[in-house]
2 protein chains.
Amino acid sequence: MKPGPQFSRNDLSSLALFEGLSASVLDEVIAVTRCRAMARDTRIFNQGDGHVRAHLLVEGSVRISQTGSDGGQIVVRFIGPGEMFGAVALFTDGKYPADADTLTDAIEFSWSEADLLKLMSAHSQIAINALKIVGKRIQEAQNRLRELSTQPVERRVAHTLLRLSRQAGRDTPDGVKIGFPLRRKDIADICGTTLFSVSRLLTTWEKAGWLATRDQHLTIAKISEIQRVGDNDRT
Amino acid sequence: MKPGPQFSRNDLSSLALFEGLSASVLDEVIAVTRCRAMARDTRIFNQGDGHVRAHLLVEGSVRISQTGSDGGQIVVRFIGPGEMFGAVALFTDGKYPADADTLTDAIEFSWSEADLLKLMSAHSQIAINALKIVGKRIQEAQNRLRELSTQPVERRVAHTLLRLSRQAGRDTPDGVKIGFPLRRKDIADICGTTLFSVSRLLTTWEKAGWLATRDQHLTIAKISEIQRVGDNDRT
């Protein structure tokens, strides 16, 4: 087997999941960490697969998407560096609830269910850190549910762009550039709307000079205008 | 201060949060548990309140509802006996993210943030149990997001009724009766649709003899028909 990329104690100690751990505990974690480099457009796991592992993205971007028994599909989340994914399956039915695909070249850490539970049992701080991470995700999901139930589509698209720019935005001379390729279909899926609606909005905003798309990469030139749409403040 | 209702080790050991704990650990839990009886229509906590506690419903029903900064409101969840609520705030920003109201007379256990974190630190099993509970909630929120994004309103209303009947349904001679009062507005809020749409659907289904409402209590006479609408199987 080809060895994975090299990593050190420092790479782990900066992660929210391992905050507040001693050097010796970090060494225990390292001993059971699998590190893997993946090319762009790699399927990391399939919805419904068993033998689940907890995943943590070190570098790159990953799309999590879910399909219902009726074929309806949504983008659950875009994962950026430092974020966990796939881990909910560990604590529920032991099957991945969604597909995960790399959007860029990427590096991940992962842990088997048995190893992670052993670590959490021995070191409750890891379980408490995981609770904090999962608690934030629940709040985010509830905010999205509320937006989806109560807000018109243009505000939802604006909120999605703002969320992505906070999560994966990089300042460039042209504006805030989202750090991974983004299809209009992805934006539609995460907003719970149609490709048609998203295309119409983005085209309008491009013409107004608020944003630009090149090679599937979105750059927001006027974040204050997008914020204004999100706030519904048209005055 | 009036003493709270009496409770014992057995009342705790049957709860998912305290599964697998020894008698001596359960006694530690009891020592910091506050038990409170509340009348119907009591506001348990307000969205935005600090000094959060983790709550667990022992008896009765509670409605969790959330209001956005733009005034948009959703019912996040109905809580039944044995379920936790309000606890996400402990692991995030220390403010309740929603309002909680009793729908019936009710009894709850609760724990302060400091006491619960102390228990979890000393007994990692409690933190791991909490992760399992929260993991299920995330899956549920993601399923709702997918339904809301991809399904027509009648299927969402059908799924909501089926979910409520699994969560709080009781077999009666007339069908499955939901164990707490339910306004049509509540159903609309949890489905992310309008009162008008819900009323139109429920009236149609009442006329067809699939369900009946009396004193805000809903009884589903023909659960198979509701299931059929949920499955979109009209053949």
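These legends describe close-up views of helices in a predicted model. Local features need pLDDT of at least 70 and side-chain atom pairs pLDDT 80 or more, whereas totals for chains, interfaces and linings use all residues. Residues are numbered from 1 along each chain as its sequence is written, chains are lettered from A in the order in which they are written, and side-chain values use heavy atoms, without hydrogens and water.

**View 1. Helix 5 (residues 153-168) and helix 8 (residues 223-231) of chain A.** The axes, which are lines fitted to C-alpha atoms over the stretch in contact, come within 8 Å and cross at roughly 135°. Helix 5 and helix 8 of chain A are therefore oblique to each other (neither under 35 degrees, nor over 145, nor 65 to 115). Residues in contact (heavy atoms within 4.5 Å) include A:Leu161 and A:Leu162 in helix 5 and A:Ile226 and A:Val229 in helix 8.

**View 2. Helix 7 (residues 195-207) of chain A.** At 1.5 Å a residue, its 13 residues should span 18 Å, which agrees with end C-alpha atoms 18 Å apart. Among the residues that are buried (under 20% relative accessible area, 1.4 Å probe, protein chains only) are A:Leu201, A:Leu202 and A:Trp205. The buried residues of helix 7 pack against helix 5, helix 6 (184-191), strand 11 (211-214) and helix 8 of chain A, and just after helix 7 A:Gly209 takes a positive phi of about 80°.

**View 3. Helix 3 (residues 113-122) of chain A and helix 4 (residues 124-150) of chain B.** Here the axes come within 8 Å and cross at roughly 135°. The contact is made by A:Leu117, A:Met120 and A:Ser121 of helix 3 together with B:Ser124, B:Ile128 and B:Leu131 of helix 4.

Conventions: Axes fitted to C-alpha atoms, helices over the stretch in contact; angles between N-to-C directions. Helix = DSSP H or I, 4+ residues; strand = E, 2+ residues; numbered from the N terminus. Expected span 1.5 Å × (residues − 1). Buried < 20%, exposed > 50% of the residue type's maximum accessible area, 1.4 Å probe, protein only.
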